[in-house]
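Hello,

Here is the structure I promised to pass on. Please open it first, then read my notes below.

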Amino acid sequence: MYRLLFSVRDGLLENTSNAMLRGVVPDEQLPHAMALNDARDSTVTLAGGPLGGLLMTVGHAVLFLTSAVLSVLGMVSAWRIRRYWKRATVDDSGHSGNADDAADDAIDVSGAITAAPRWRDALDGMIWLLCDRFQRHLIIAATMVTGASNAFLLLTALDISQGGSQLISAGFINAASAVGMLLGALMASQLVNRVPGGVLVGVMFALLAAGFTGAALVPSMVGKAIFVACSVLALPAGNAVLGGLSNTLVGKDKLGRVGAGSMVLQYGAYGVAVALAGWGMQTIGYGPTCLILATVLVAAAAYALTMRSLITLPTPDRWAEHIQRWSIAQF
C-alpha cells in the first residue's frame, strides 16, 4: 500500500515543477531552468540514500514518519500556489493576455481533437506523440533509452547484491549515476544557452550508448560505476533541451496530457524491458543480457542521430525559426 500511494503521488505530481516553469520564465530560458531543476533533483537523490540508511539505523518507523512529514510539508507548500502563470502579452488594442492563448485555440495536428469527447482527453497527449512524425521518432528513441538503461541498472544492482553481502556495492552503482547526473546538471546550466540543442541531444544519446556498452564489457564494479557515471553526464543537458522544446510546442492547457502520455510510453517500455531482461538473465546470464541492452541503446542513438530536424536544433533563442523551417507541429 505504501508503494502504491507513492506511485500515485509521483504520477500526479512528479513533473509538475517543470511544467509550471513555462508560466514563469520565457521559452528561451526553459532549458536553463530545467537544468537547474535536474541539479536540485540529483542532489536530493544523492543525499537521499545515505540519509535513508541513517534513519533506518534509528528505526524503521522513523523512516516512514519522516517521509510522511515531508509529504505533508510538500502538500502545504503546493497548497499556497494559486496563479503561477505570469507571462502575458499586449495585443494591438492594448489589452493584455496570456502569450499562449492564441496557440491554445489553434487546430492541432492530430485532427479535430478539440471537438473530441471528454473521455479522449486523457489520450490526447499520447495520440499527438504517436501521430506527429517528429514526436513519434523522438518518443521511440526515448522509450528505447528509458527501458534499456533502467533495466541495465536494475540487473546490475541485482547481480552485485546476490548473496546479500554486497548491498553497499549495489547502492554504489546508483550513487555513481546520481553523481554523474549532478555533474551533468551543473554543466548543463552553462551549456544550454550557448551550445546548439541538437549537439547536446546528440552527445546525450552517444554517451548513453558508449557508457552503457563500456559498463556491460568491464568486469569490475568500480569500472561499471565509472562508465555509468560518464554515460549520464550529458543527460541533464539533453533532457533540458528536449523538455524545453516540448514545452514550447505544447499549449499550456495540454502540458499535463503530453507529459502523462510520454510517461506511460516510456515506463511501459521500462516494464517490458525489465521483464525481458529478467528472463534473459535467468537463461543466458547477466553479461550477455547487458550486452543486448547496450545494443538497444546503440540502436536508439543511431535512430535519433538520423533525425536532421533534431540534430540541427539551434540554441533556444532561435527555436521559433527552426520550428517554422522544419514545419514541426505544435499541439
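Which backbone oxygen lies 2.5 Å from a polar atom of the side chain of Thr-312? The backbone oxygen of Arg-308 does. Keep in mind throughout that this is a predicted model.

**The chain as a whole**

The chain has 331 residues, and 42% of them count as buried. Its secondary structure comes to 15 helices and two strands. Take the contacts with a separation of 6 or more: 76% of them join residues 24 or more positions apart. The accessible surface is about 17,700 Å². Carbon and sulfur atoms hold 67% of that surface.

**Thr-312 and the C-terminal end**

Back to Thr-312. Thr-312 sits in the loop between helix 14 (308-311) and helix 15. Its relative accessibility is 32%, so Thr-312 counts as partly exposed, the class between 20% and 50%. Setting aside neighbours within four places in sequence, Thr-312 contacts His-322 and Trp-326. Val-201 is 111 residues away along the chain, yet the C-alpha atoms of Thr-312 and Val-201 are separated by 10.0 Å.

Further on comes Ser-327, in the segment after helix 15 (319-325). Its phi is near 55 degrees, a positive value in a residue other than glycine. Most residues other than glycine have a negative phi. Ser-327 is exposed, because its relative accessible area of 63% is over the 50% cut-off.

The last point here involves Phe-331. The C-alpha atoms of Phe-331 and Leu-129 are separated by 9.7 Å, with their positions 202 residues apart along the chain.

**Leu-129 in helix 6**

Leu-129 belongs to helix 6 (residues 121-131). Buried or exposed? Leu-129 is buried, since 4% relative accessibility falls under the 20% limit. Beyond the neighbours within four places in sequence, its contacts are Gln-135, Arg-136, Ile-139, Val-258, Gly-261, Ser-262 and Leu-265.

**Helix 7 and helix 12**

Ser-149 is in helix 7 (residues 133-161). Its relative accessible area is 9%, so Ser-149 is buried. Not counting residues up to four places away in sequence, Ser-149 touches Phe-212 and Leu-297.

Tyr-270 lies in helix 12 (residues 255-283). Which residues does Tyr-270 touch, not counting those up to four places away in sequence? They are Thr-146, Gly-147, Asn-150, Ala-151 and Leu-154. The C-alpha atoms of Tyr-270 and Ala-148 are separated by 7.1 Å, though the two residues are 122 apart along the chain. Tyr-270 is partly exposed, because its relative accessible area of 23% is not under the 20% limit for buried.

**Ser-231 at helix 10**

Ser-231 is in helix 10, which covers residues 221-231. Its relative accessibility is 0%, so Ser-231 counts as buried. Where does its side chain find a polar partner? A polar atom of that side chain lies 2.6 Å from the backbone oxygen of Val-228. Leaving aside neighbours within four places in sequence, Ser-231 is in contact with Leu-207, Leu-208, Gly-211 and Phe-212. Phe-212 is also one of the residues touched by Ser-149.

**Cysteines**

How many disulfides are there? The count is zero, with a disulfide taken as a pair of cysteine sulfur atoms within 2.5 Å. Two cysteines are worth a look on screen. Cys-230 is partly exposed, with a relative accessible area of 36%. Cys-290 is buried, with a relative accessible area of 0%.

**A surface patch**

One nonpolar patch appears on the surface. Val-72, Met-75, Val-76 and Trp-79 make it, and its area is about 450 Å². Met-75 lies in helix 4, which covers residues 60-79.

**Where to look**

For a quick tour, begin at Thr-312 and the backbone oxygen of Arg-308. Go on to Ser-327 and its positive phi. Then view Tyr-270 against Ala-148, with 7.1 Å between the C-alpha atoms. Finish at the nonpolar patch that includes Met-75.

Best wishes

Definitions and conventions
Residues are numbered from 1 along each chain as its sequence is written. This is a predicted model: local features need pLDDT of at least 70, side-chain atom pairs count only at pLDDT 80 or more; totals for chains, interfaces and linings use all residues. Side-chain values use heavy atoms; hydrogens and water are left out. Patches are made of residues with over 30% relative accessible area and no salt bridge: like charges are joined within 9 Å, nonpolar side chains (Val, Leu, Ile, Met, Phe, Trp, Tyr) within 5 Å. Accessible areas come from the Shrake-Rupley method with a 1.4 Å probe; for residues, only the protein chains shown count as cover. A salt bridge is a side-chain nitrogen of Lys or Arg within 4 Å of a carboxyl oxygen of Asp or Glu. Helices (H or I, at least four residues) and strands (E, at least two) are DSSP runs, numbered from the N terminus. Buried means under 20% relative accessible area, exposed over 50%, partly exposed in between (1.4 Å probe, protein chains only). A polar contact is a pair of N or O atoms within 3.5 Å; within protein, one must be able to donate a hydrogen and the other to accept it, and residues adjacent in sequence count only if both atoms are side-chain atoms. Contact means heavy atoms within 4.5 Å.
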